[in-house]
Structures are given as structure tokens and as C-alpha cells.
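Could you walk me through this model in my viewer? I would like to know what to select next and what I will find there.

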Amino acid sequence: MKFTLSWLKTYLDTDADLQTISETLTAIGLEVEEVIDPTEALKPFVIAKIEEAVQHPNADKLRVCTVNNGSEIIQVVCGAHNAKNGLIGAFAPDGCVIPTNGMKLKPTNIRGVDSNGMMCSERELGLGDDHDGIIELPSDAPVGKSFAEYAELNDPTIEIAITPNHQDALGIYGIARDLAAAGLGKLKKPDTSPVKGTFESPIKVNIDSKDACPVFAGRYIRGVKNGPSPDWMQKRLISLGMKPISALVDITNFLTHDYGRPLHVFDADNIKGDLTVRLSKSGETLVALDEKEHTFDNEACVISDDHGISSIGGIMGGENSGTYEDTTNVFLECAWFDPIRTAKTGRKLNIESDARYRFERGVDPATVTDGIELATRLIMDMCGGEPSDVYLAGEVPVISKTLTMRPERVNELGGVDIEKTEIISILERLGFDVVDSGATLSVTTPSWRCDIDREPDLVEEVLRIHGYDKIRVEPLPVSSRDIVTGLNPMQRRIRMAKRTAAGLGLREAVTWSFLSSDQARIFGELPASLILDNPVSAEMDAMRPNLLPNLITAAGRNIDRGFKNVAIFEAGNQFHSDKPDGQQFVLAGIRRGDNHDRHWKNNPEAIDVYDAKADAIAVLNAIGVNADNAQIVAEAPDWYHPGRSGVIRLGPKNIMAYFGEIHPSVLKKLDVKGPLVGFEIMLGNIPLPRSKSGNSRGPLRSSDFQAVERDLAFVVDKDLPAEQIFKIVGSADKKLIDQINVFDVYWGKGIDDDKKSIAVNFRMQPMDKTMTDEEIEALRQKVIDLVAKKAGGTLR
């Protein structure tokens with residue numbers, strides 16, 4: 001949301017400077033994203049006069065101008081058709097940067113004539129689209145004065161971020177209202193008193209769908225003269241980045257941003273009969289003001305006349321009823337449209353407009369009458385005309401709510417002890433009606449705050465105006481034993497499983513956590529608790545009960561694009577209910593095609609059930625499961641091919657994995673070409689290490705810290721088993737030493753006849769920190785001492 005400082009002050013009587021206003025906006029939840037001061041970019045530009053303009057000696061379309069910038073006389077080569085003697089305009093001296101293109105001016109020679117600086121057009125200064133000629137100022141413009149000051153361009157633009165709960169700040173009036181409540185000035189209310197009509201509106205309005213549009217105010221204004229809007233309005237629209245079009249269009253755009261009230265102006269002569277607000281019929285079309293034809297279903301709110309649809313309610317008008325230069329009679333619309341229906345229609349039609357942006361977030365319904373009176377005044381001031389009486393169809397909906405608030409909740413939820421009288425004062429300054437009932441407050445929300453639903457919302461309002469900076473800082477009490485570093489056993493298991501799957505040649509995929517309910521039912525029953533109330537689309541209306549459907553359809557998309565061999569996996573949650581324990585972490589993968597691409601040395605082989613089994617076993621082994629001890633049975637769920645699938649389990653109930661060929665009927669329902677094989681590993685069903693630290697011998701040990709290896713050779717009795725040395729080394733530190741290998745046994749020259757040399761390699765894997773040189777050396781020495789003590793070995 002953008003606005004200029006002067007625009008804000010039309011509604012806020014304040015002496016606060018720009019910095020104070022910016023800081024207050026951020027403090028009350030309207031975060032300032034950017035402040036643009038045009039005087040900075042236009043600071044070098046001054047008013048200058050062309051004393052003389054003569055034809056360039058070597059170019060037909062160039063003029064050599066003698067320019068007086070107030071301090072010196074400069075020669076400038078100019079290509080503008082209106083460069084002439086006595087013209088006063090904006091001059092850019094050498095060294096300054098043109099705002100619109102970033103060009104830095106420097107002395108140059110153009111067709112043999114020296115040129116210094118530039119006489120500027122509106123486009124070059126970012127003041128409009130006119131670049132046909134240089135700016136022409138009145139004859140009394142003071143030569144040498146700052147152009148920005150003279151043109152009153154020293155008006156900073158403020159841009160704020162609008163959060164979803166501040167639809168009331170989508171108009172400058174609403175922003176001023178919040179600042180006044182924060183104590184930064186006094187709110188100045190606009191004149192919304194009724195404009196007296198002189199005749200009855202010949203166009204009436206019928207509302208067929210009060211759910212979509214409960215109220216519609218209309219007014220006929222005859223004898224208007226459409227033309228450019230005045231400079232003050234054009235400047236304000238330009239400051240928003242908008243292009244002025246005509247007075248009638250500019251007025252609606254202005255009020256949308258000024259008062260947060262979208263309106264629409266129809267060319268009354270193009271309306272046939274009365275207007276009807278209704279739901280669209282499937283197949284109806286309209287060419288809107290975006291010059292695109294839109295086709296409707298039977299759920300959009302539209303405004304139609306006897307010839308068909310003229311406007312899309314709350315979103316955009318139609319070309320067939322828009323206003324143009326020759327418009328002389330208009331019908332002014334100010335209505336209130338249902339936010340949810342507006343949002344759905346805008347999304348379906350893919351139309352983005354300022355009106356839709358506000359209506360779908362919640363426009364103040366009480367501004368229906370205010371808006372039509374404000375717009376009438378502006379039209380009469382700029383275009384003349386004679387207004388009719390206001391025709392009001394329907395009733396203004398009441399969306400205010402009365403909530404109970406306990407004053408002590410401000411301290412309990414926000415950590416600030418505020419007196420009840422101050423709480424009441426803040427709420428009343430924000431427009432809430434407050435009744436003090438003693439222990440509680442009865443608070444009625446204003447019509448412009450449709451987002452206030454609960455007591456915590458009221459607490460937030462009090463806190464933001466009182467000041468978030470006044471909330472005391474209290475760090476949470478912690479002790480060293482509460483601090484957990486590194487990965488826990490399950491996180492290490494997941495990481496190892498994913499690394500192993502990737503090492504097997506499967507590429508990791510990340511799919512949605514939801515899918516079509518029809519697809520979900522292919523993989524078993526779908527509990528009602530997994531159906532979404534507000535899905536992002538009809539094709540994703542259920543939480544996924546299984547990872548395989550999304551992986552299979554992803555493979556199908558790749559197959560359709562010409563990829564013959566597909567191998568992907570995903571690790572994530574699948575859901576069985578909406579309860580906290582109703583989800584299970586699974587790693588699933590699928591393969592399709594051949595085990596490798598064509599090669600001269602080895603012929604590829606088709607993927608089959610044994611590849612899926614090998615994948616599952618490899619992952620299980622990597623995370624510390626001895627698959628040799630598991631039961632592998634030819635049983636699997638219905639989505640696998642019977643006889644070509646199996647289950648890996650510990651006992652009859654603890655299922656660790658499924659694997660097999662995906663059933664052809666499943667592939668047919670998902671419209672994917674087979675055959676495909678897949679596997680599912682239920683990582684949560686596999687017992688974790690018993691150690692509290694999660695440390696254990698074997699492949700499950702994974703750590704983010706560097707492992708260290710050492711080699712030692714011991715001279716021991718010739719008949720001592722190497723296994724004993726293995727056990728002694730391991731007993732030095734069971735948590736740190738996780739791998740031991742005997743890599744050499746030697747007897748012979750240099751060794752006594754009754755002795756032999758056993759060389760071992762042992763690996764130290766820290767789990768919570770990186771080992772220091774001193775710690776490594778201490779453990780190495782401990783191993784040497786233990787072998788000497790328990791086996792009589794000496795270091796070779």
C-alpha cells in the first residue's frame with residue numbers, strides 16, 4: 001500500500017515529521033517497507049531558460065540552445081521540437097543522473113557542437129509518459145530555483161506492508177485513523193453528507209442473490225463532461241504507480257485507495273433496462289475492461305441488464321458499459337460483495353484488480369452510502385452534471401460482533417500490565433464500543449474490522465497501540481541439561497535412509513502432502529477426517545494416506561515426457577487420522593523401465609520385484625537392521641501384485657517394509673504405463689537403539705562430526721587369537737570406537753620365534769563434538785596400555 005505524506009495529512013492533523021510517522025506505522029503493525037523522497041533524485045535539477053535556440057549546423061532535427069540556469073550560461077544541443085527562444089523548463093546539469101534510465105550526464109560533442117547538460121521531458125524525470133517535447137513552465141517560473149520544490153514534488157512516498165488482518169488499512173483514511181488512535185494527531189473526517197438529488201433515477205437495481213450482494217447503492221448523473229482529472233488527483237495516482245485515464249475512471253481509482261472504497265461507473269446510455277445483481281449462468285461470457293473475454297460458471301456474482309452481463313461484481317467492469325471521452329450520462333455503483341465468493345471468482349477467472357484485492361479481504365459495508373456521496377461530489381466538481389436521488393437496493397449487512405474481554409488477559413497473553421481505563425481508551429480510539437461490566441468488558445467491533453473474532457484479537461489491538469516495545473523481555477529458563485545438540489536417533493536414521501536410497505540410484509522427490517480423494521481410496525479406506533474442508537484445488541482434497549500414489553503419478557508425468565527409466569523416492573509423513581499420532585514417517589520408492597541405459601558392454605535388464613526387494617533390504621541394512629534375521633513373507637497390501645510382492649517384518653505384527661510390483665489395476669486407475677515396482681519402509685516401526693544417547697555399533701551410527709582413524713601394530717604371543725586383540729581395543733571406549741579391523745598379521749624376520757605382529761585399525765566416531773588432539777592421543781595411549789596389560793603386547 002503506497003501513499004504520499006501530503007495525502008496522509010489530508011486525513012491526519014499532525015505536526016509529526018516523516019521519521020516519526022514511519023516509526024509509528026511500523027510500531028502499530030503497518031510495517032514500512034520503503035520511503036521514497038523524490039527530492040533526492042531530483043535535487044540537481046533546476047529551472048532554466050532558453051535564451052536563444054538556433055538550428056544545428058550539421059543536423060536538421062537538432063537545435064543549439066543557449067541556456068541560463070540561474071548561475072551561468074550553458075550551451076545545450078537539444079532534439080525537442082519545442083526547443084525555442086524564451087522557453088522555461090527543467091534543466092539537468094552535467095554529473096547528475098536521469099531518474100528513469102540511470103544515465104549519468106557528462107560533457108559531449110554532438111555532430112561537431114559541444115553540449116553540456118540536458119533540457120528534460122516529463123518521462124525523463126518520471127513525471128509522466130510525455131516525451132514528445134521538453135517541459136514547458138509558466139513564464140514567471142523562477143530561473144535557478146530547485147525544480148522539485150517549484151513543482152511541489154518534495155512529497156515523500158511511503159509504502160507499507162499489509163497483513164491479512166489489516167484490510168482496514170487498504171485506504172489512506174484507515175491508515176490515518178490508526179495513527180490518530182496511536183496518539184500521532186487528530187483524525188479529519190471527510191464530508192459524507194448527502195448530495196441532494198433533483199430527479200428519480202431512471203435505472204433501478206434488483207438483487208436476486210442477497211448472499212452474493214446484500215446491498216447496492218446506485219445514482220444516475222446526467223450531463224457530465226468527461227475529460228482529464230485535475231493535476232492534484234493525477235499526481236496522487238502517479239505516486240501510486242497508476243496511470244491517469246480520465247476524470248470518471250480516476251475518481252473510482254482514487255476513492256479505492258483514498259477511502260478504501262471500490263466503486264464502478266457505468267455509461268448509463270449503454271445500459272438497457274434496469275440492472276440485476278445475480279449469479280452467472282454456466283457458459284455466459286463477458287469482455288471485461290482488461291480486454292479479455294471471460295467465461296463464467298454458475299457461481300460468479302454478476303451485474304446484468306436486458307442484454308446480458310455488464311460487470312463482474314466486486315472485481316471488474318465490462319467493456320460494453322465502461323465510460324469513455326464521449327460519455328455524458330453515468331450510473332454510479334457502490335455496493336458490498338461477499339468476500340469469499342469474490343475471491344473464488346477472481347481466482348477462477350484469473351483476474352487481479354484493486355477492487356478484488358479489497359473486497360475479498362473485507363470492505364467496510366458502512367461505506368456504501370459514504371462512498372456514493374464522496375464519488376458524487378468528485379464527479380460534480382470535475383465533470384459537472386445533475387445527480388438523481390440515490391437508489392438503494394437491499395440492506396447494509398451488520399458484520400460487527402460483540403465480544404467479552406477480561407482486562408487481565410492483556411498481561412497474561414502480552415506480558416504488559418495495562419490499567420483497565422487505558423485498555424478502554426485504546427479500544428475506543430480504534431473505533432470499538434466498550435461497556436465496562438466490572439470484571440469483564442463488552443466490546444463491539446467497528447464495521448471496518450471484520451477480522452476481530454476472539455478475545456486474543458482484542459488483546460493484540462491493545463498491545464500494538466500501547467507499544468510492542470513496552471513488552472518486557474524475559475528469557476526462558478534453561479539449564480545445560482535442557483540443551484540438545486546434534487541429531488537425535490530418528491533424525492540420524494532418516495538421514496542415513498535417504499543417503500542410502502540416493503546411493504542406490506534413486507532421485508529424491510518432494511510431492512504434496514495431499515492428493516485427490518479418488519486416488520487415495522485406491523490405496524485403502526479413506527477416513528472422513530482426512531478430507532480437507534478448504535482444499536487448494538479439487539484435485540488435492542485429501543491428506544495422503546500413502547506416499548506411493550504421488551510418486552507413481554510423478555513417474556507417469558516423466559514417462560509421458562519421454563523418460564523410459566524412472567527411479568525416485570520420497571521420505572515423509574503419511575496420514576491415517578487427524579490426531580497427533582495419526583501420522584507415520586515412511587520412505588518409499590519406485591522404479592520403472594530397465595536397470596540401466598543401453599550400453600555396448602552389458603545389456604540392460606527389466607526392473608522386477610527383486611530390485612524393489614534389494615532396495616528395501618539395502619536401506620534396512622544401512623539403518624542398522626539385520627535383514628537376515630527378519631521374516632520375508634509373500635504377503636502385501638492390495639496395491640501390490642499378488643505373487644510378485646512381499647513384506648519384511650519382525651514378528652507377525654511389526655511390519656518394517658513392503659515391496660513388490662504395483663498392481664496393474666492401480667496403474668490403470670492412475671493412468672500410468674507400467675510395469676512399476678515399489679517399496680515402502682516404515683521407519684517408525686523399527687526399534688531405536690536402547691542407549692539414551694542413541695549410540696550403537698554398526699551402520700546406524702551417523703554423525704555430523706569428523707571421525708578419526710588410527711593404526712597400531714602389537715607384538716604378542718604367537719598363539720594369541722587376533723579376536724582377543726579386537727575385543728581389548730573395543731573395550732577402551734565403547735561409545736567412541738565404532739569400527740575395528742585387523743589388517744595385518746606377521747611373523748618371521750625381525751620377530752621372535754614365539755611372537756607375531758598383529759596390526760589393527762580402529763575408528764573413533766564422536767557424536768556430540770569434534771575431538772581434540774589431546775583427546776585422540778589419550779584414547780590411543782589407553783588402547784596401548786590395555787593391550788599391554790591384558791595381552792602382554794608391546795607396540796611394534
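Start with the open sheet in this predicted model: it has 4 strands in the order E38-E39-E37-E40, with antiparallel pairing. Colour strand E38 (737–746) and strand E40 (794–795), which stand at the edges. Each of these two has a single partner strand, so one side of each is left without a neighbour in the sheet.

Next, select strand E37 (residues 708–717) together with strand E39 (residues 755–764); they pair in the antiparallel sense over 10 bridges. Show Asp711 and you will find Asn761 of E39 opposite.

Now add the helices that go with the sheet. Helix H19 (residues 722–730) packs on the sheet and touches E37, E38 and E39. The direction of H19 makes about 35° with that of E39. Then bring in helix H20 (residues 773–791), which lies across E37, E38, E39 and E40 and runs at about 15° to E37.

For the last stop, leave the sheet and select helix H14 (residues 489–503) and helix H17 (residues 609–622). These two pack at an angle of about 140°, their axes 9 Å apart, which means that H14 is oblique to H17. Turn the view and follow the crossing: H14 passes H17 in a right-handed way.

Which residues make the contact? On H14, show Met496, Ala497, Thr500 and Ala501; on H17, show Ala618, Val619 and Ala622. Coloured by class, this contact has 6 nonpolar residues, 1 polar residue and no charged ones.

Key
Residues are numbered from 1 along each chain as its sequence is written. This is a predicted model: local features need pLDDT of at least 70, side-chain atom pairs count only at pLDDT 80 or more; totals for chains, interfaces and linings use all residues. Side-chain values use heavy atoms; hydrogens and water are left out. Axes are lines fitted to C-alpha atoms, for helices over the stretch in contact, and angles run from 0 to 180 degrees between N-to-C directions. Angles under 35 degrees count as roughly parallel, over 145 as roughly antiparallel, 65 to 115 as roughly perpendicular and the rest as oblique. A crossing is left-handed if the near helix is turned anticlockwise from the far one by less than a right angle, and right-handed if clockwise. Contact means heavy atoms within 4.5 Å. Ala, Val, Leu, Ile, Met, Phe, Trp, Tyr, Cys and Pro count as nonpolar, Asp, Glu, Lys and Arg as charged, and the others, Gly among them, as polar. Two strands pair if DSSP finds at least two bridges between them.
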